[in-house]
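Morning, everyone. I have one model to show today, and I will keep to its nonpolar cores and its salt bridges.

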Amino acid sequence: MLTYYIVLRFFITFSMAFMLSHHLNISVSNASDLVENTRLISGKPDNTDLTQETLDNGMSVIVKNIPKSELITLMIYVGAGSTSEGSLMGSGLAHLAEHMIFQGAEHGSDSEMGRKIEGLGGEINAFTSYDHTAYYIVVPSASFSEALKIVTEPFLSLNFTDESFANEKGVVRKEINMRSDNPDVTIRKLLWSTAYRVHPYKHPLAGYVDLMDKLTPGDLQKFYDRNYVPENMAIVAVGAISESIRKEIKENFGRIKRRSFEPKTFIAEPIQTGQRYVKEQGHVSLTRSMLVFKAPSYNHPDAPALDVLAIVLGRGKSSRLYKKLKQEQQLVYSVSAWSHTPSGPGLWGISILSEDDKNETAIQESLNILESMKVDSITSEELKKAINRIESEHVFSLETVQGQALDLGTSWILTGNASYTEHYISEIKKVTRDDIKRVAGKYFKPEYMSIAVLSPEAAVKKRTEKKKDKNEELDIKKYVLNKGLTLLVAKDSARPIVSIRIVGLGGLMDETEKTNGVYNLMSSLLIKGTKEYTADDFADLIEIQGGKFSSYSANNSFGLSFDILNEHLNNTLNLASRMLSESIFAVEEIHKAKQQTLAAIRAREERPLQVGIMKLRKVLFENQPLGMDPLGTMQSVEDIDREDILVIHRKAVCQRNIVVSIMGDINVEKTLEMVRDHFDKLPEGKRISLIKKAFKPLPEKKEYIIRRNQSQAVILLGVRGPSFLEEDRYSMDLLAALFSGQASGVFDRLRDKLGAVYYVGGTNTFGLDAGYFMIFAGTVPGMMKDVQKGINSELERIVSEEIQPEEIKRVKNNLIGGFAREHQTLSSRAFEAALNELYGLGYSNFMHFEKRIRDLSPEKVHEASNKFLNKNNRVIVWVVPETQNNKDANIQKLSEKGINNDG
């Protein structure tokens, strides 16, 4: 999945919040999608159907009616986050309260509540931030009334048992420990504790384990009684909200009794009078650094100018930091600037990822650029580009009901005005070049600066040096041009935006061990320059229009994506066709791309789950492309040269191998003519025929242990599965859903009852000739046997028994509701249509997902489970902590059962 841009103004607030989001997450992507929709600082929203009122008990109710929406989002905001913990500051009490809200004895555990919501085709989730906590559901409109009753009940009173309290503390403890393996979390915690000295922002949102361990049920009850009061809460509902539904919302939450509320207060952060610097070493291969300056809160008049400056300096390929540090000097692998303006004192910062020996130079060059802002300011073009980018990103963020609810709710929680965005837009548009120069001089002072660096341990560094159904409303039209290019177009005038997806057959499935990674390099270089345009030109021309673009390469395909305002369609199609047909693959750019890829491969080695996935794929598909890494290996990427890339480009980038999908506010006939004009220069070529190899039998050795310097243990259980083209894929989707989310049996067994895992789930990956099904879980060494036993027990239940009709119904609703949520945006639908057409399924195939899932019978699912999930097909991979002399008791017990050490 592609990484989308996130709003500057709330980037750190929400990214930190979602890193510590509640365990109700069904998947990691759900949380990131919600973060994506927190963009708030631009574009005037259509709030003509927006109402805001206060109930008799003091609670605010904000409703936005979208009559044609098939989904409704309800968000419950509580004005209490980690800064509300008072004398227990740093204990993570607010985060623990979020975990406990659905653990009440009267209404069952969170898995039971999740099971009910999923059974209605919905999703339930929550997150904690510094200043507030939020809970939300997204459900089909027809199911909202029933879902509303379910989600309201926990807020009437906090009911829990001592057992559930102790269990959830154990879950949070594991969560904190596991996140210590994430270097991005580590560097943020290091920075925040350095930049803030007395303000509660200095403490991690989840708290410190030793303080959290001391919390009592009484502490939780007092926190709830003090903060979860109507006057400190707001309800936000977005979707098809009829008068009867509006009345139901008010009646349900009106039952919460008014209680006294005392606003929180804390000591003000003192003025910083000297530079602060902290550096730690970790088990990482690349150095991460963050440098920040003290900044104002959200409502300060300087905040808009600081936001614009962050975009100019560190957002996008045309930004100054990107051009200077990455493109020109090749000092960094990534660099970004951001403005964090919460309700309290904020930070303006730069984040850098680089080799350790280049880090200090990168920091100094960044400071030089900041210093120049005090004298030269920015150009009129840069100012215009930043404002256009803000407007464009906001328009895209409002495509989903979740995005609109977050827009309204975040505005309310920070300002008390759900329409605050409109005011902020006007302030953004007033920003001048002189304002930029003024705030640079005011805030970018050495004594206001803090720097945090996380670098590789000496041993790590040394080793590195050695290596070096809403969719059916779409009226999609298909055209096949004279030279064979397939064009899909669909008109949707809901917003003035257009999503373009260009996909071609290829990727990993057309690579060998020798050429592994060549498609990834080729696709990344498509946007790096032609004879007429440089990479900077592409960035300038698209980003100044408020657009965004990227390239990708995956298991079965490669391509380009563009999301733009509709007025720029012709210019964008011109640039897209030039990227495809005129890329020059300059030696210098190839070198940069290879270094970037090598860094990404090394960074992947820092993530235990990714390490396990690659090992699992290698075992399941020993002689198949799916057994390789789409990025390539360190050796294969080093060995690929320009001629290798040109060969693949000539082979894959041709009209008969490409599908272009364009959806949005367009004129279909004019769009067809534009594509004909611009893409005619592409050669006709041939459609790639992927050579199928016979699968080798699975090895006798089916259990593996990989030891790493980490605190968590990860288990992955996988089997070979069906391809895209097989009907069994839908049964496997349902089986994966049985292992995913808080409603699953394995979640109930391992998380709710034993507290043995932080996350557990199932997933499918489909290729053109095969795929794989995987169950994964994160735990700690002391619980490894319990986790493996729980997964095996659930597998045996599913394989040996037909799944009960009620369970089938719940999972079907969950799959269908999840599919609807994932395909609200034009970009997702354009991409789905393009891939389905490319793979020979037909562009409309994805529109029938609901019917195919509904039509699945218990017998059909049982047949697939026996076919693919039997014991002989299973491979298990453990990624575990290194232990002294490799004699950890739990690992030793596993080894005695036949699991072999590997790595």
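I will take the cores first and the charged pairs after that. Please keep in mind that this is a predicted model.

So, the cores. The largest nonpolar core has 125 residues. Which residues have the most contacts inside it? They are Ile502, Ile662, Phe679, Leu735 and Ile791. By element, helix 27, residues 728-738, gives the largest share of this core, with seven residues.

Let me stay with Ile502 for a moment. What does Ile502 touch once its neighbours within four places in sequence are set aside? One group of contacts is Phe558, Gly559, Leu560 and Phe562. Ala576 and Leu580 are also in contact with Ile502, and so are Ile658, Val659 and Val660. Phe679 completes the list, and Phe679 is itself among the residues with the most contacts inside this core.

There is also a second core, separate from the one just described, with 65 residues. Its members include Val238, Leu309, Ile350 and Met449.

Now the charged side chains. Side chains of opposite charge can pair when their charged atoms come close. How many salt bridges does the model have? The count comes to 43. I will go through three of them and then one network.

The pair Glu543 and Arg389 has its closest N and O atoms 3.6 Å apart. Are these two residues buried or exposed? Both Glu543 and Arg389 are buried.

Next, Asp510 and Lys651 form a salt bridge with an N to O distance of 3.0 Å. This one links distant parts of the chain, the two residues being 141 residues apart. Asp510 sits in the loop between strand 14 (497-505) and helix 19 (518-525), while Lys651 belongs to helix 25, residues 642-652. Asp510 counts as buried because its relative accessibility is 16%, under the 20% limit. Lys651, at 39%, is partly exposed.

The third pair is Glu807 with Arg797, and here the closest N and O atoms are 3.0 Å apart. Glu807 is in helix 30 (residues 805-822) and Arg797 in helix 29 (residues 784-800), so this bridge ties together parts ten residues apart in sequence. Glu807 is buried, with a relative accessible area of 14%. Arg797 has 26% relative accessibility and therefore counts as partly exposed.

Last, the network. Asp302, Asp435, Arg438 and Lys442 are joined into one network by salt bridges that share partners.

That is what I have; I am happy to go back to any of these residues on the screen.

Notes
Residues are numbered from 1 along each chain as its sequence is written. This is a predicted model: local features need pLDDT of at least 70, side-chain atom pairs count only at pLDDT 80 or more; totals for chains, interfaces and linings use all residues. Side-chain values use heavy atoms; hydrogens and water are left out. A nonpolar core is a set of buried Ala, Val, Leu, Ile, Met, Phe, Trp, Tyr and Cys residues joined through side-chain atoms within 4.5 Å. Buried means under 20% relative accessible area, exposed over 50%, partly exposed in between (1.4 Å probe, protein chains only). Helices (H or I, at least four residues) and strands (E, at least two) are DSSP runs, numbered from the N terminus. Contact means heavy atoms within 4.5 Å. A salt bridge is a side-chain nitrogen of Lys or Arg within 4 Å of a carboxyl oxygen of Asp or Glu.
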